[in-house]
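Here is a model to look at step by step. Each question below asks how a description is justified, and each answer sets a value against the rule behind it.

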Amino acid sequence: MHHKVLVGLNNTASSWQALETALEYAAKFRADTVGLLVESPFWSPPPIGAAAFESTVERNARSIAIQYGVPFEFRVRHGYPAHTIVEQARVLGCDLVLLGHTDSTVLRRWLTGSLSDLIRHDAPCRVVVAGTGQVLDLDEAPPVTTRAGASPI
């Protein structure tokens, strides 16, 4: 059985934690891992510039992936993060999406919504948020799907 894990990267501590969780899972189940950096239309690059930022994130992600010895692909996409992550999970045939957890105020979440909730609603596969303090149920591989997002059970 072949598995693919998509992990959202944005150069925050929680996204690096999500990447490590994804790579640990990938090593256990011999899965491929895709690191996805989504640049929103509202994002403005840091002073070093967009290309340097993308390169830094990719270099750091690849160096972590090498430690786990799993296949790793890095992608940069432009668009609204929730929509783009769901779209890439579908296009790539991912079995699992792993995201980092960002502590936000209740007011901010009410105004902007929760990225992970938006992704969970539309994703064609299982979505796990790492770093929430909850125990992650990643001891079993995701079920085999017969078609995009449909479980054979």
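**Burial, pairs and helices**

Q: Why is F53 called buried?
A: F53 has a relative accessible area of 11%, and because the word applies to values under 20%, F53 counts as buried. The model is a predicted one, and this value, like the others here, is computed from it.

Q: What makes W43 partly exposed rather than buried or exposed?
A: The relative accessibility of W43 is 30%; because buried stands for under 20% and exposed for over 50%, W43 falls in between and counts as partly exposed.

Q: How many aromatic pairs are there, and why is the one formed by Y25 and F29 called tilted?
A: The count comes to three aromatic pairs. In one of them the ring centres of Y25 and F29 are 4.9 Å apart and the planes meet at 50°; because the limit for a pair is 6.5 Å, and tilted covers what is neither under 30 degrees nor over 60, these rings form a tilted pair. Both residues belong to helix α1, where they are four residues apart, about one turn of the helix, and Y25 is buried, its relative accessible area being 3%.

Q: What kind of pair do W43 and F53 form, and which parts of the chain does it link?
A: With 5.5 Å from centre to centre and 40° between the planes, W43 and F53 form a tilted pair. The pair links distant parts of the chain, since W43 sits in the loop between β2 and α2 while F53 is in helix α2, ten residues apart.

Q: How do you know that the buried residues of α2 line one face of the helix?
A: The buried residues of α2 are F53, E54, V57, A61, I64 and A65. Viewed down the helix axis, they fall within an arc of 105°, so they line one face. The face turned away from that buried side carries the exposed residues A51, I66 and Q67, whereas the cover over the buried residues includes β1, α1, β2 and β3.

Q: How do you know that the span of helix α3 agrees with the expected one?
A: The twelve residues of α3, 81–92, should span 16 Å at 1.5 Å a residue, and because the end C-alpha atoms are 16 Å apart, the two agree. Within α3, A82, T84, I85, V86, Q88, A89 and L92 are buried, and what covers them includes β1, β2, β3, β4 and α5. After α3 comes G93, whose phi is positive, near 70°.

Q: Which residues have the most contacts inside the largest nonpolar core, and which element gives the most to it?
A: This core has 26 residues, and L9, L19 and L98 are those with the most contacts inside it. Two or more residues come from each of β1, α1, α2, β3, β4 and β5, with α1 giving the most, eight residues. A second, separate core of 16 residues includes L36, A82, V97 and L99.

Q: Why is S15 called buried, and what does its side chain reach?
A: S15 has a relative accessible area of 2%, and because buried means under 20%, S15 counts as buried. This residue is found in helix α1, and the side chain of S15 reaches the backbone oxygen of T12 at 3.0 Å. Leaving aside neighbours within four places in sequence, S15 is in contact with G8, L9, N10 and G100.

Conventions:
Residues are numbered from 1 along each chain as its sequence is written. This is a predicted model: local features need pLDDT of at least 70, side-chain atom pairs count only at pLDDT 80 or more; totals for chains, interfaces and linings use all residues. Side-chain values use heavy atoms; hydrogens and water are left out. Buried means under 20% relative accessible area, exposed over 50%, partly exposed in between (1.4 Å probe, protein chains only). The arc is that of the directions from the helix axis to the C-beta atoms. Contact means heavy atoms within 4.5 Å. The expected span of a helix is 1.5 Å times one less than its number of residues. Rings of Phe, Tyr and Trp (its six-membered ring) pair if their centres lie within 6.5 Å; planes under 30 degrees apart count as stacked, over 60 as edge-to-face and the rest as tilted. A nonpolar core is a set of buried Ala, Val, Leu, Ile, Met, Phe, Trp, Tyr and Cys residues joined through side-chain atoms within 4.5 Å. A polar contact is a pair of N or O atoms within 3.5 Å; within protein, one must be able to donate a hydrogen and the other to accept it, and residues adjacent in sequence count only if both atoms are side-chain atoms.
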